[in-house]
Amino acid sequence: MPDRDDVAYFGAGPAPLPTSVLQKGAEAFVNFENTGLSLAEISHRSATANKILADTKAALTSLLSIPDNYEILFMHGGGSAEFSAVVHNLVAVWVEKRRRKAVADLGADKDEAVIIEKVKREVRESLRLDYLVTGSWSLKASQEAANLLEPLGTGFTNVAVDSRESNDGKFGTIPPERMWNLTSRRSQGGKGSAFVYYCDNETVDGVEFPHLPDCLDQSSQDEDDEILVVADMSSNFLSRRVDVSKYAVIFGGAQKNIGITDVTLVIVRKDLLSSYPSPSFLHAVGVWSPPTILNWSIIAKNNSLYNTMPIFSIWIAGEVMRGLLHTHGEKGLAGQEALANQKAKIIYDVLNRHTEVYQVVPNTSVRSRMNICFRVRGGDATQEKTFLEYAEAQLLQGLKGHRSVGGIRASNYNAVPLKNVEKLAAYIEDFASKSQEPSS
């Protein structure tokens, strides 16, 4: 039976966790800090649970230098639930802006039915949600938005870019920004969008934005003209520095770089949480109100404890974050970013040395540091099966590509040790050398 140190695991999620966190977690799962209770048993409303939430928020705030005007939420449902939450909450914010403007234009004493009719007309004519579709997850997010808005009709979801259109029908690149068709801002004579969504790192397709797109890196003093940027960072969360102040919302499932499943982190600007109209007004203009369990404002008012949260999972996330702070000290996420880049370079370098054997799927300019996707001999099924079987024999596990695209995928998350990356690189080198040897 192999020891934990013998196995090099590169699964895409759930992902590896630091062994030290697992060891502490094993103790906490049985008897947390000599209380005689498991962290899976304590009340989510206890002082202990509240301290765990506060400590985890503090660690995340330190790592990302989160400004005071942002709220940290712990939620259920993973990134997929946030596909819906983003639409529900930010469409509500958009409607409230229009309601306030209608009141200002028409007068506070105007009959509400007139205000409702004005906003209802604006919903039909002007509501737009912009999506950058660069992989499987952003595609799912855009489809969820279209489904949720279908009762209103079509055309509300604007796919500003679909990278398949410039890449032979496959994901693997990000077209230049000049080719994007974002909804024009009001200052540009357009209607403006409720938000712009993108997935910072596409886990399935191995595509990562090198940085926040330049066209989204803009600010406006006019709330009707600002770009509310929403980023799904589920699979590269805490792997590099991020200027949180440039985003309206950042979210991510915990099960890749933060912890274990059943916790989703949402970082949202506080002013947005107080910008919801009443449910009855939303319904009157034809928009659904956010379901309570996805309503960021309600979750924030209840300190993420509206319903029973998995305190053990939140504690694990906090331990991972405190471990990053301890490991990198004053460097913070700059230290983790350098390490992630180093590990990714090791794997890409060996793949690039043997292009006759391996073909990296994404374009060089957008290759993910977290999910390294490649084919063997152009996707030869026998060769790829052999590659995976030999890797498993050497305890290199979790390398099979996503079922929707196939191939090989090495996920280089934060908890993957450098020595495991070096072991994988040596295997990739060895397999290439042997596959080129003449058969006897």
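## Strands S2, S10, S9 and S8

Two strands count as paired here if DSSP finds at least two bridges between them. In this predicted model, S2 and S10 clear that bar with 6 bridges, running antiparallel. One spot to look at is glutamate 71, which sits opposite valine 268 of S10. Valine 268 turns up again on the S9 side: the bridge partner of valine 249 is this residue of S10. S9 and S10 are joined by 5 bridges and run antiparallel. S8 and S9, on the other hand, run parallel and are joined by 3 bridges, with aspartate 232 partnered by phenylalanine 251 in S9.

How much of S2 and S9 is covered? For S2 (70–75), 6 of 6 residues are buried. Tyr70, Ile72 and Phe74 make up one buried side, while Glu71, Leu73 and Met75 make up the other. S9 (residues 249–253) has 5 of its 5 residues buried. Its two covered faces are Val249, Phe251 and Gly253 on one side, and Ile250 and Gly252 on the other.

## Helix H2, one face in

H2 covers residues 47–64, so to speak, 18 residues that reach 26 Å from first C-alpha to last, close to the 26 Å expected at 1.5 Å a residue. Its buried residues are Ala49, Ile52, Leu53, Thr56, Lys57, Ala59, Leu60, Leu63 and Leu64. Looking down the helix axis, these buried residues fall within an arc of 160°, so they line one face of H2. What do the buried residues of H2 pack against? Strand S2 and strand S10 (264–269), plus helix H9 (311–328) and helix H10 (333–353).

Right after H2 comes serine 65, with a positive phi near 50°. Serine 65 belongs to the loop between H2 and S2, and at 57% relative accessibility it counts as exposed because the cut-off for that is over 50%.

## The nonpolar cores

The largest nonpolar core has 57 residues, and Leu60, Leu64, Phe237 and Leu238 have the most contacts inside it. Several elements supply at least two residues each, including H1 (19–30), H2, S2, S4 (157–162), S5 (196–199), S8, S10 and H9. Which element gives the most to this core? That's H9, with 9 residues.

For a close-up, try leucine 60. Setting aside neighbours within four places in sequence, leucine 60 is in contact with Ile66, Ile72, Phe237, Leu238, Leu265, Ile267 and Met321. There's also a second, separate core of 50 residues, which includes Val87, Tyr131, Ala145 and Cys199.

## Two buried loop residues

Is leucine 216 buried or exposed? Leucine 216 sits in the loop between strand S7 (207–208) and strand S8 (229–232), and its relative accessible area is 1%, so it is buried, given a cut-off of under 20%. Apart from neighbours within four places in sequence, leucine 216 is in contact with Leu132, Leu182, Val196, Tyr198, Ile227 and Val229. Glutamate 177 is 39 residues from leucine 216 in sequence and 10.0 Å from it in space, going C-alpha to C-alpha.

Serine 368 is another loop residue, placed between strand S11 (358–360) and strand S12 (371–376). Serine 368 has 0% relative accessibility and counts as buried. Its side chain reaches the backbone nitrogen of asparagine 371 at 2.9 Å. Not counting residues up to four places away in sequence, serine 368 touches Asn201, Gly206, Val207, Glu208 and Tyr348.

## Backbone oddities

Here are some spots to check when you look along the backbone. The peptide bond from glycine 13 to proline 14 is cis, with omega near 0°. Proline 14 lies in the loop between strand S1 (8–9) and H1.

Asparagine 34 has a positive phi, near 60°, in a residue other than glycine. Where is asparagine 34 found? It lies in the loop between H1 and H2, and with a relative accessible area of 72% asparagine 34 is exposed. Serine 65 belongs on this list too, as a residue other than glycine with positive phi, near 50°.

Technical notes: Residues numbered from 1 in each chain as written. Predicted model: local features only at pLDDT ≥ 70, side-chain atom pairs only at ≥ 80, totals over all residues. Heavy atoms only, no water. Helix = DSSP H or I, 4+ residues; strand = E, 2+ residues; numbered from the N terminus. Buried < 20%, exposed > 50% of the residue type's maximum accessible area, 1.4 Å probe, protein only. Contact = heavy atoms within 4.5 Å. Expected span 1.5 Å × (residues − 1). Arc of directions from axis to C-beta. Polar contact = N/O pair within 3.5 Å; in protein donor to acceptor, adjacent residues only side chain to side chain. Core = buried A, V, L, I, M, F, W, Y, C linked by side-chain atoms within 4.5 Å.
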